[in-house]
Amino acid sequence: GMYVMDAHMAANKIVLTRELLTGPGGRGRGGNKNDFTYLGLRTSLHRMITVGAANQTFYIGQPNVENGRAYGLVNIAAFLAMSVEDSISHGSCDEVNHDLVGGL
C-alpha cells in the first residue's frame, strides 16, 4: 500500500509542492512561514498509515480488493482537497477538526 502511494506521490512531487504545499506568495521551498514540505507530508502520511492517532489509521486501500489501491489514492486526494478548502475558508494552515473524541 505505501509503495503504491509513494510512487504516485513521488511522480507528482513538484505539482504537490507548487500547488498544495505552498502558502500565499511562497515558493514551495520552506522559505515562507506558510510553506509545508513534500517530505513533511510524506513522513506525516506514513506515520498516520502505520501508527495512527486515537486508535485510527489513514486508509490507503486494500491490496486484495478490485481497485483497492485506487480507493487509497482517492482518499489521499480527498484529504488534500479538504485541507486546501479548510485553509482557504478558515484562513489558517491548521487542521479544522470537528470530531469528538471521548465526548470532548
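In the predicted model, Phe58 has a relative accessibility of 16% and therefore counts as buried, since the cut-off for that class is under 20% relative accessible area. Phe79, by contrast, is partly exposed, its relative accessible area being 36%. These two residues, Phe58 and Phe79, make up an aromatic pair of the edge-to-face kind, with 5.8 Å from centre to centre and 80 degrees between the planes; a search of the whole structure finds one aromatic pair. Because Phe58 is located in the loop between α3 (38-50) and α4 (68-90), whereas Phe79 belongs to helix α4, the pair ties together parts that are 21 residues apart in sequence.

Helix α3, which precedes this loop, comprises 13 residues and reaches 18 Å from its first C-alpha to its last, a span close to the 18 Å expected at 1.5 Å a residue. Its buried residues are Tyr38, Leu41, Leu45, His46 and Ile49. When α3 is seen down its axis, these buried residues fall within an arc of 130 degrees, and they therefore line one face of the helix. Such an arrangement may be read against the general geometry of helices: an α-helix has 3.6 residues a turn, so residues three or four places apart point the same way. On the other side of α3, Leu39 and Arg47 are exposed. Just after α3, the backbone at Gly52 adopts a positive phi of about 80 degrees.

How values were computed: Residues are numbered from 1 along each chain as its sequence is written. This is a predicted model: local features need pLDDT of at least 70, side-chain atom pairs count only at pLDDT 80 or more; totals for chains, interfaces and linings use all residues. Side-chain values use heavy atoms; hydrogens and water are left out. Rings of Phe, Tyr and Trp (its six-membered ring) pair if their centres lie within 6.5 Å; planes under 30 degrees apart count as stacked, over 60 as edge-to-face and the rest as tilted. Helices (H or I, at least four residues) and strands (E, at least two) are DSSP runs, numbered from the N terminus. Buried means under 20% relative accessible area, exposed over 50%, partly exposed in between (1.4 Å probe, protein chains only). The expected span of a helix is 1.5 Å times one less than its number of residues. The arc is that of the directions from the helix axis to the C-beta atoms.
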